[in-house]
Amino acid sequence: MPHIFCVANQKGGVGKTTTTVNLAASLAARQQRVLLIDLDPQGNATMGSGVDKQSAEQTVYEVLVGTVPIRDAIVRCEAAGYDVLPANRELAGAEVELVTFDKRERRLRDALAKIANDYDFILIDCPPALSLLTLNGLCAANGVIIPMQCEYFALEGLSDLVNTIKRVNGNLNRDLREIALLRVMFDPRITLQQQVAEQIKQHFGSKVFDAVIPRNVRLAEAPSYGLPGVVFDKSSRGARAYNDFSAEILKRYGASKAPALSEMQ
Ligand code: ADP
Ligand code: MG
């Protein structure tokens, strides 16, 4: 079974998509078979992988409502060597349409069951809300990566997200066992950010990845070229940090094996 991670945070602009796209590309560069699922109607991860969201006719939306088999909707990000299940604004409608469906929060999970063994890692880029789409992501995943900025209000809202994850674990998906925080957009010149970064580590311990992603303009420029930052400029500080992060992910979870029970909690 692959590792299936949601990259989630109900705040917008905190680095979810940048993290998903760069982790996907970096794991692919480490010979992992990776599927990126764009679960945000904004389609930023789709575009950031070089896939044109406007012309994508078979997307995660059709997969969720059941009109297209998942295999038919998956496309390849050639430049970075991973697969993409694209999204565009049509996906916003799924939220309403799925309400009438039976087991509406398990649609993605059921679709993934058919292809899961084709991959070592499946990374799900969630929208900035604790919505039915995010719920579909959490029901399909066995871990959650929460990107957070090292700012004073960074922890605000975290308890809502963690409570949602716990509720999903209790009621809908016993396999959802891992939660870990990734510190992103870090600026070491700002004392407050240093302090907050250290406090997050002290407080949450092993639930915080050691890798810290710096604020780096090359990461922000890459999507306009349809490339993940780690492909766009391999030697940039941002790319190097995401490569450290993917190494840490492989070390923590190994390639393509379920997290050990001792890692629960
Ligand atoms: P989200 O998916 O959570 O809304 P994004 O990944 O789209 O967040 O990031 C929001 C904005 O910040 C984007 O313009 C992105 O390019 C930029 N960004 C993200 N991470 C970094 C970083 N480490 N350094 C510089 N810019 C970043
Ligand atoms: Mg996003």
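How many helices and strands does the secondary structure of the protein come to? I counted 12 helices and eight strands, taking helices (H or I, at least four residues) and strands (E, at least two) as DSSP runs numbered from the N terminus.

**Conventions.** I worked on a predicted model, in which local features need pLDDT of at least 70, side-chain atom pairs count only at pLDDT 80 or more, and totals for chains, interfaces and linings use all residues. I numbered residues from 1 along each chain as its sequence is written, with chains lettered from A and ligands numbered from 1 in the order in which they are written.

**Overall form.** I looked up the radius of gyration, taken over C-alpha atoms. The protein has 17 Å, which agrees with the value near 18 Å for a compact globule of 265 residues; the globule rule is 2.2 Å times the number of residues to the power 0.38. Along the principal axes, the C-alpha atoms fill a box of roughly 50 × 40 × 30 Å. I found that 49% of the 265 residues count as buried (20 or more other C-beta atoms within 10 Å of a residue's own, with C-beta atoms placed from the backbone).

**Ligand 1.** I listed 18 residues around ligand 1, of which Gly15, Lys16, Thr17, Thr18 and Ala220 come nearest; a residue is near if its C-beta atom, placed from the backbone, lies within 6 Å. Two or more residues of this shell come from each of α1 (16–29), β7 (178–186) and α10 (217–221). The largest share, three residues, belongs to α1.

**Strand β7.** I noted that seven of the nine residues of β7 are buried. Strand β6 (residues 143–149) runs parallel to β7, joined to it by seven bridges; two strands pair if DSSP finds at least two bridges between them. I traced methionine 148 to its bridge partner in β7, arginine 183.

**Helix α12.** I followed α12 over its 17 residues (237–253) and obtained 24 Å from the first C-alpha to the last, close to the 24 Å expected at 1.5 Å a residue; the expected span is 1.5 Å times one less than the number of residues. Its buried residues include Gly238, Ala241, Phe245 and Ile249. An α-helix has 3.6 residues a turn, so residues three or four places apart point the same way. What do the buried residues of α12 pack against? I recorded β1 (3–7), α1, β7, β8 (208–214), α10 and α11 (229–232), with contact meaning C-beta atoms, placed from the backbone, within 7 Å. Just after α12, glycine 254 takes a positive phi of about 70°.

Notes
Buried ≥ 20, exposed ≤ 12 C-beta atoms within 10 Å, placed from the backbone. Contact = placed C-beta atoms within 7 Å.
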